[in-house]
Amino acid sequence: MNDIKQLLWNGELNVLVSIDPSFLMKGSPREIAVLRIRVPRETYLVNYMPLIWNKIKSFLSFDPLTDSEKYFWFEHNKTPIPWNYPVGVLFDCLAGKSATFTTSFENQVKDVLTFLRIHLVMGDSLPPTIIPIASSKTQAEKFWFHQWKQVCFILNGSSKAIMSLSVNEARKFWGSVITRNFQDFIEISNKISSSRPRHIPLIIQTSRTSGTFRISQPTISMTGVNPTLKDIEGDILDVKEGINGNDVMVICQGIEIPWHMLLYDLYSKLRSFDGFLYITLVPIKGGDKASSEL
Amino acid sequence: MIRSTLSSWREYLTPITHKSTFLTTGQITPEEFVQAGDYLCHMFPTWKWNEESSDISYRDFLPKNKQFLIIRKVPCDKRAEQCVEVEGPDVIMKGFAEDGDEDDVLEYIGSETEHVQSTPAGGTKDSSIDDIDELIQDMEIKEEDENDDTEEFNAKGGLAKDMAQERYYDLYIAYSTSYRVPKMYIVGFNSNGSPLSPEQMFEDISADYRTKTATIEKLPFYKNSVLSVSIHPCKHANVMKILLDKVRVVRQRRRKELQEEQELDGVGDWEDLQDDIDDSLRVDQYLIVFLKFITSVTPSIQHDYTMEGW
């Protein structure tokens with residue numbers, strides 16, 4: 001199983017970050033406003049803020065680390081995107097939204113979103129639901145650790161397993177994300193996991209026609225059962241919005257998942273680096289549904 | 001005050017030891033105190049180390065920024081008597097043998113539990129506490145009962161009275177060189193922010209401990225005179241030793257149960273690392289268990305938002 005996890009851990013995406021001209025002094029070279037980076041799927045965009053600030057620091061029209069009246073956030077096609085989801089999850093959502101997501105090789109080579117375009121913008125107030133990007137270097141670490149606390153509680157009914165990590169282990173855990181140390185990550189995340197989970201930490205993302213995303217976090221009990229995705233179809237699909245199982249692809253870690261997959265297997269193999277299993281529902285357009293399976 | 005002065009001389013004169021014996025004696029070294037404090041502050045940041053300041057009387061065997069731990073403005077919405085249903089004259093408190101007999105110590109830490117067991121559901125004080133799991137479970141049930149009671153009370157218009165009873169405490173944990181254990185100091189304020197008198201602070205110490213272990217003294221680590229009530233640490237090591245033994249037994253039992261379950265299920269991939277888990281409490285978690293003990297001394301001061309101790 002660790003082979004699959006290693007593949008996911010090593011997965012990377014090309015990200016093109018463009019910086020809004022309002023950040024820069026007049027006359028700044030155009031090329032300074034564009035940053036092309038290769039980013040692991042299993043990390044946060046906000047971890048790249050020091051790199052971004054460093055690249056443009058000589059051309060900034062203000063000091064982003066001390067100017068508390070300015071807010072920054074990322075956008076994709078003028079829609080704000082949250083930094084607090086793994087980059088791979090954002091990609092799955094945005095690629096699905098732009099109707100070019102596919103897992104079939106033929107379609108990939110001719111018409112696929114090959115990189116994630118994001119735009120760094122600023123304003124006097126934040127868009128709704130967007131967590132501000134703080135100047136604190138520990139913002140992402142603290143958020144991520146809280147995610148794991150939730151995951152630990154959902155899995156075990158108590159957050160004791162994660163709270164019992166020593167200070168060194170807790171630092172090593174986050175350090176493994178930053179330094180991309182897979183062995184350290186697996187070693188510590190296994191201490192939090194359970195072979196007999198009470199519930200599965202699951203987050204469902206569904207793109208809406210308005211351009212926004214609907215996020216839901218159903219409670220999936222595992223006590224005495226081992227359901228397939230089909231068994232929990234009602235929890236996954238948004239019945240109120242009239243979504244039918246035949247109309248959507250279930251995408252996880254960039255892979256189309258068959259409905260007969262066992263949820264626990266899916267979780268243990270494809271969970272994200274914050275401990276949650278993210279499922280993205282991508283509308284099927286005109287029979288483009290790919291037939292690939294795990 | 002004489003006792004307090006003698007105590008501070010003893011603190012000053014007792015030599016420091018650096019040899020770790022916490023599992024066998026319940027005592028910790030200054031280095032282990034720092035380690036436990038670091039863990040507490042990192043995982044449960046309502047607790048913080050002191051900041052360096054000219055107001056502090058530093059002890060040179062501890063780092064200047066790790067002289068004592070502090071948590072501020074901890075709510076205390078009722079008096080200690082209101083936290084327990086006292087059984088009356090039948091409750092017998094034993095004196096402590098100097099050598100810290102286990103039964104004495106368990107009675108020391110369990111006295112609160114005896115009250116807890118005397119629930120409206122009909123429990124009796126004679127029920128013995130032989131399992132910390134049961135103890136905690138009982139405490140949780142009691143907590144729920146208390147919440148229910150509070151809701152009912154508020155519904156009857158008791159909110160104003162509640163607010164008048166509201167107090168806040170600053171809690172300090174320092175290192176006692178005399179007893180080689182952490183020592184707790186509490187400094188109380190009323191709902192207006194005015195300091196409480198020692199007599200008022202005594203109201204928030206469990207009756208069983210009030211005359212035995214609570215001492216009025218100035219905070220020794222501040223140059224300015226700040227009056228506090230301290231929990232005398234003479235029995236802390238014995239209590240901690242018993243609790244640490246209990247932790248080991250409970251963990252050992254749980255691990256065996258888990259192994260049996262796994263054998264029934266077939267071994268899961270994720271549990272391979274269970275083998276390297278030591279059943280004893282790590283020393284950095286010492287203060288988590290210590291706070292559980294302190295909760296039994298100050299049951300109405302709601303300071304413990306850490307985690308279960310075993």
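Domain bounds, as used in this tour, come from an automatic or database domain assignment. The structure on screen is a predicted model, and the stops below proceed from the cavities of chain A to selected elements of chain B.

**Stop 1: the cavity between domain 1 and domain 3**

Select domain 1 (10-128) and domain 3 (197-281) of chain A. Both contribute residues to the lining of the second largest cavity, which therefore lies between them. The space enclosed there amounts to about 40 Å³. Next, display its lining: A:Arg41, A:Val89, A:Asp92, A:Ile251, A:Cys252, A:Gln253, A:Leu270, A:Ser272, A:Tyr278 and A:Thr280. Three elements of chain A give two or more residues to this lining, namely α3 (87-97), β10 (248-252) and β12 (277-283). Coloured by class, the lining shows 5 nonpolar, 3 polar and 2 charged residues.

**Stop 2: A:Gln253**

Remain at this cavity and centre the view on A:Gln253, one of its lining residues. Its position is in the loop between β10 and β11 (255-256) of chain A. Although A:Gln253 is not a glycine, it has a positive phi of about 55°. Is this residue buried or exposed? With a relative accessible area of 10%, A:Gln253 is buried, the cut-off for that class being under 20%.

**Stop 3: the sheet of chain A**

Now extend the selection from β10(A) to the sheet that contains it. Five strands are to be shown in the order β8-β7-β12-β10-β11 (chain A), forming an open sheet with mixed pairing. At its edges stand β8 (213-216) and β11 of chain A; each has a single partner strand, so one side of each is left without a neighbour in the sheet. Zoom in on β10(A) and β11(A), which pair in the antiparallel sense over 2 bridges. There, A:Ile251 stands opposite A:Glu256 in β11(A); A:Ile251 is also among the residues that line the second largest cavity.

**Stop 4: the largest cavity**

A search of the whole structure finds 3 cavities of 30 Å³ or more, and the largest has a volume of about 120 Å³. Where does the largest cavity lie? Domain 2 (137-190) and domain 3 (197-281) of chain A both give residues to its lining, so the largest cavity lies between them.

Select the lining in full: A:Lys5, A:Leu8, A:Trp9, A:Glu42, A:Phe182, A:Phe185, A:Ile186, A:Ser189, A:Lys269, A:Arg271, A:Ser272 and A:Phe273. Within it, α1 (2-10) and α8 (182-192) of chain A each supply at least two residues. The largest share, 4 residues, comes from α8(A). By class, the lining of the largest cavity divides into 6 nonpolar, 2 polar and 4 charged residues. Highlight A:Ser272 before leaving: this residue lines the largest cavity and also lines the second largest.

**Stop 5: strand β3 of chain B and its partners**

Move to chain B and select strand β3 (residues 167-176). Of its 10 residues, 9 are buried, so β3(B) is largely enclosed by the rest of the structure. Add strand β2 (residues 68-76) of chain B, which pairs with β3(B) in the antiparallel sense over 7 bridges; B:Leu69 has B:Ile173 as its bridge partner in β3(B). Then add strand β4 (residues 181-190) of chain B, joined to β3(B) by 10 bridges and running antiparallel to it. In this pairing, B:Tyr175 stands opposite B:Pro182 in β4(B). β3(B) and β4(B) form a hairpin with 4 residues between them, and B:Arg180 in the turn has a positive phi of about 55°.

**Stop 6: B:Lys73**

Return to strand β2 of chain B and select B:Lys73, which lies in that strand. B:Lys73 has a positive phi of about 50° although it is not a glycine. At 57% relative accessibility, this residue counts as exposed, the threshold being over 50%.

**Stop 7: B:Thr14 and B:Ser178**

Select B:Thr14 in the loop between α1 (2-13) and α2 (22-25) of chain B. This residue counts as buried at 19% relative accessibility. Then draw the distance from its C-alpha atom to that of B:Ser178: the two are separated by 5.6 Å, although the residues are 164 apart along the chain.

**Stop 8: helix α3 of chain B**

Finally, select helix α3 (residues 30-43) of chain B. At 1.5 Å a residue, its 14 residues should span 20 Å, and the end C-alpha atoms are 20 Å apart, which agrees. The helix is mostly covered, with 10 of its 14 residues buried. Among the buried residues to display are B:Phe33, B:Val34, B:Tyr39, B:Leu40 and B:Met43, together with B:Glu32.

Terms used:
Residues are numbered from 1 along each chain as its sequence is written. Chains are lettered from A and ligands numbered from 1 in the order in which they are written. This is a predicted model: local features need pLDDT of at least 70, side-chain atom pairs count only at pLDDT 80 or more; totals for chains, interfaces and linings use all residues. Side-chain values use heavy atoms; hydrogens and water are left out. On a 1 Å grid over the protein atoms alone, a cavity is a set of points where a 1.4 Å probe fits but cannot get out, and a pocket is an open set with protein on both sides within 12 Å along at least five of seven lines; lining residues have an atom within 4 Å of a point. Grid points are joined across faces, edges and corners, and a volume is the space filled by probe spheres set on the points. Ala, Val, Leu, Ile, Met, Phe, Trp, Tyr, Cys and Pro count as nonpolar, Asp, Glu, Lys and Arg as charged, and the others, Gly among them, as polar. Buried means under 20% relative accessible area, exposed over 50%, partly exposed in between (1.4 Å probe, protein chains only). Two strands pair if DSSP finds at least two bridges between them. The expected span of a helix is 1.5 Å times one less than its number of residues.
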